[in-house]
Every structure is written in structure tokens, then in C-alpha cells.
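Notebook open, viewer up. I want to go from the whole chain down to a few side chains and jot down what turns up.

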Amino acid sequence: MAIRPKSAKSRPRVEVKERKPSSNQQPAKGKLGIMIPGMGAVATTFVAGVEAIRKGIAKPIGSLTQMGTVRLGKRTEGRSPKIKEFLPLAGLDDLVFTGWDIFEDDMYAAATKAGVLDRYLLEQIKPFLETVQPRKAVFDHNYVKRIDGPNVKRGKNKMDLAEQLRDDIREFKKSSGATRLVTIWCGSTETFIEPTAAHQSVKAFEKALTQNDENIAPSMIYAYAALSEGIPFANGAPNLTVDIPAMLELSKANEAPICGKDFKTGQTLMKTILAPGLKSRMLGLHGWYSTNILGNRDGEVLDDPESFKTKEESKLSVLEYILQPDVYPQLYKDFSHVVRINYYPPRGDNKEGWDNIDIFGWLGYKMQIKIDFLCRDSILAAPIVLDLALFLDLAQRTGMKGVQEWLSFYFKSPMTAPTLYPEHDIFIQLMKLKNTLRHLRGEDLITHLGLEYYD
């Protein structure tokens, strides 16, 4: 069980620098290789979905890059091109895939076992999925205690394992013919760790790798390998991974964008939609009780208290930052926020999130909202993987590096500059994302002020 933190961190003032639109945006020529640590339910649903869409037997529902539009100029101009036509994004036909996993199943076998997609769909794309074989994974049972597998790398130390990953990356780029690569972490939630001296610089991190420092988690080894090769990295789990000074330093030095953490799918997605609405109407909150039942590999991993603590940190901060109890103490001071996750194998990938929300309105009168979200976790996550891969590739071709806060829209616990609090309101996140896209193409940003229509 988790109770909300006492208060969100204070919000220091941050220097704002004016940025000009990029003039060196490179076209998306050639193949884009997508490398995925963790070939479980999310990864297989993503790759299978891309192939099904390419074959014309499915639609890219849920993908902003494929189905979304961006309004340009005034409302009276009627300009709202599709995002994939407005920006030089990689096309789906140009995507190639590889991955690492502790199990030896190819993507067809892994997708079949995950049980997310029906067998009829999988059979139509079976030949392609069977070609995506898992590479041996970097794995440490101390970081993910509820699962284990035989397909793992061995090395004299963690630096050796990182070098083996770099060899995998180079081999994949050569064998696939990819001109560009991105890495999207779809692996398990690791046990909770906090930054240490080993994480404060690239030099300290590399020394810690050679010394097998216990504070270097497997996901960090993947991130180090990718960023050392100049490859963007997105963290789809709540692990610390790239949210440390060493990775930020490496990201900037090698011009490889980073973003994270934790794909925003079920219950937290609902919170970032509902909480802004409550605050916009100045409705108060006494408490928000959330529980989840989940039966896939993610649920099994989170059944371990140490892995759950990592997820808990990601899920609990959302309401604090959206509702701002320090700004609105009469409405949100000391509200109770409880989060539970229960592993229930019969549920499989069809996660169920229950929320009981105790609110109050005019004159303090109490009301309740109850939600039962019967969602499909990997179905919600797969289009996020696609969008992040395409947007990170775009960011790198545009010369962007370091943390990509404009991609906060996709994460439960968005990364930001070290002194900046994260923005969790999904509507503000979407506005930030689309304004970034406008900025990249030299279009006017949209404030939604609209006074010019009434002059």
C-alpha cells in the first residue's frame, strides 16, 4: 500500500532562454532501427501491430504520429495537416526491429504467450514475427526478483556487458541496413534505487561499471551502451535508468536525446485527464484510492515489494503536481492518496483499475466519483512506443539533445531539467508537444488566446 508523499517539491525559478526554430532538420532517409530491451507483451504488441498496419489489416489507433493532426495558424485558416505529413517522420515501411530478452522465444512465440493479440491476427504476420529473434540480455536477478530466464549475457564485469551490448548494436545496424537507431526500454520494473556517487558523471559511472557497482542496474547498462553509440533512449519503466547526471552528460556529449519515465497507460492516464478537470472547476479533493489487478509479466514483477516501490514513486507524484496543494491548500491540502497493485494471473494483460475519488464542492458538500477502467495495458502502450521512436529520431535529426521534456505527454513520471518540476496535466503536455512540432517547422506557436477574432 502507498500513501501520497507529504508535499511536492518547491518550484524554483528557472532561467528561460529563447530558442529559434531549427534550420538543420535532416530528412528521414533510409531505415530506422528500433531496438527494444524486453521482448514481452508491450514489445511484441508494438512490433506485431506495426507489421499488421503495414500489411493493411489493422489501423494505428492510439498513435498521435499516425492519426493526429496539428492546427497551424488561425482557426479561420482551416490548416490542420496530419502530423506525419507535417513533419519528416520515418515511415512505417522503413522500420526494422531487434530486441533483447532473458527468454529465447522469437516474437511470434513471445506474442502468443503474452496473449494480448488474437491468434488469427498473429497467424497473418507469423513469418515476419519469427524473424525477430531475441539477443542475449543483460540481466541481474537482484533487480527483478520474480522472474528469471536462460538467455543472458556473461561477462567479467558490467563494463564488459556494456561492450557486448555495443557490439550487438553495431551488428544490428550493419545486418539490418539501418541508417539510424533508437532504443526504447520495454523491460521490467527494477527494484528501487536512488542516485549515488556512481551516477554523478560519466567518469564515475564508467569506473562503477568496471567495479561491478551494485547501484548500476541492467537498464542503465543498456542506456550507457546506446548513448555511447550516439543512439536516443526512451525509458518506458519507472526505473532510474537515464534520470541521472551521468546519462544526461552522455546524452549531450553524443547528441543522443533521452526521455522517460514509465509509459502512461491505464490508471495514471485517467488521473492526468480527470485531475486537471477537478482543478479547473476548483473542486476539492479529500482522497483518491486506486487499486489495480494485473496478471501479465509486469504484474508478476510488481508483486515484489522492492519493484513495486519503484512503480509507486512514479504513480504517487502525479496528483501532487497537478493539484498544487501548496497553491490551493483549502482544496487539496493533506488529501489521502492510496495506490495498490495486485498480481492476479487470470487477468493476464487485461489490467483493471479501480478508483474511488472523494471530492467536495460548493459549501463543502461531499461527492464521489468511481471508475472501473477495464483496459488492455499493452494495447495502450504499443502506440506510445511507436510515437516515441519516431519523435526521438526526429529530435536527433533536428539537433536536439539531452532531456526531451516535450515528450512528457507519454510518461507517468516525466523527466525535466534538474531544477524544474514536471508538468503532469495531459492537456498542457499535449499543447507543449504540438507547439514543439510547430516550432520545429518555423510555424507560429498557438496560445489559444483568440482575442484577434473579436477586434
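Before I look at any helix, a cut-off: I call a residue buried when its relative accessible area is under 20%. One more reminder to myself: this is a predicted model.

**Entry 1, a covered helix.** I started with helix α9, residues 218-228, and found it mostly covered, with 11 of its 11 residues buried. Among them I noted Pro 218, Met 220, Ile 221, Tyr 222, Tyr 224, Leu 227 and Ser 228. After α9 comes Gly 230, and I read a positive phi there, near 75 degrees.

**Entry 2, the whole chain.** I stepped back and counted 16 helices and 11 strands in the protein chain. Its radius of gyration is 22 Å and the globule rule gives 23 Å for 455 residues, so I put the chain down as being as compact as a globular protein of that length. The C-alpha trace spans about 65 × 50 × 50 Å along its principal axes. Of the 455 residues, 55% count as buried.

I also looked up how far apart in sequence the contacts reach. Taking those between residues at least 6 apart, 77% join residues at least 24 apart.

**Entry 3, surface and charge.** The protein chain exposes about 20,700 Å², and 51% of that comes from carbon and sulfur atoms. For charged side chains I have 61 positive and 56 negative, with the centres of the two sets 3 Å apart.

**Entry 4, aromatic rings.** How many aromatic pairs are there? I get 10, with ring centres within 6.5 Å as the rule for a pair. One of them is Tyr 328 with Tyr 332: the centres lie 6.4 Å apart and the planes sit at 85 degrees, so I log the pair as edge-to-face. Are its two members buried or exposed? Tyr 328 is partly exposed at 28% relative accessibility, while Tyr 332 is buried at 0%.

Next I checked Phe 409 and Tyr 410. Their ring centres are 5.1 Å apart with the planes at 85 degrees, so this pair is edge-to-face too. Both Phe 409 and Tyr 410 are buried. I also noted a cluster in which ring pairs link Phe 46, Phe 97 and Phe 128.

**Entry 5, one threonine.** Last stop was Thr 436, which I placed in helix α16, residues 426-440. Its relative accessible area is 15%, so Thr 436 goes down as buried. What does Thr 436 touch, not counting residues up to four places away in sequence? I found Met 400 and Trp 406.

Conventions: Residues are numbered from 1 along each chain as its sequence is written. This is a predicted model: local features need pLDDT of at least 70, side-chain atom pairs count only at pLDDT 80 or more; totals for chains, interfaces and linings use all residues. Side-chain values use heavy atoms; hydrogens and water are left out. Helices (H or I, at least four residues) and strands (E, at least two) are DSSP runs, numbered from the N terminus. The radius of gyration is taken over C-alpha atoms; the globule rule is 2.2 Å times the number of residues to the power 0.38. Buried means under 20% relative accessible area, exposed over 50%, partly exposed in between (1.4 Å probe, protein chains only). Contact means heavy atoms within 4.5 Å. Accessible areas come from the Shrake-Rupley method with a 1.4 Å probe; for residues, only the protein chains shown count as cover. Lys and Arg count as positive and Asp and Glu as negative; His and the chain ends are not counted. The place of a charge is taken as NZ of Lys, CZ of Arg, CG of Asp or CD of Glu. Rings of Phe, Tyr and Trp (its six-membered ring) pair if their centres lie within 6.5 Å; planes under 30 degrees apart count as stacked, over 60 as edge-to-face and the rest as tilted.
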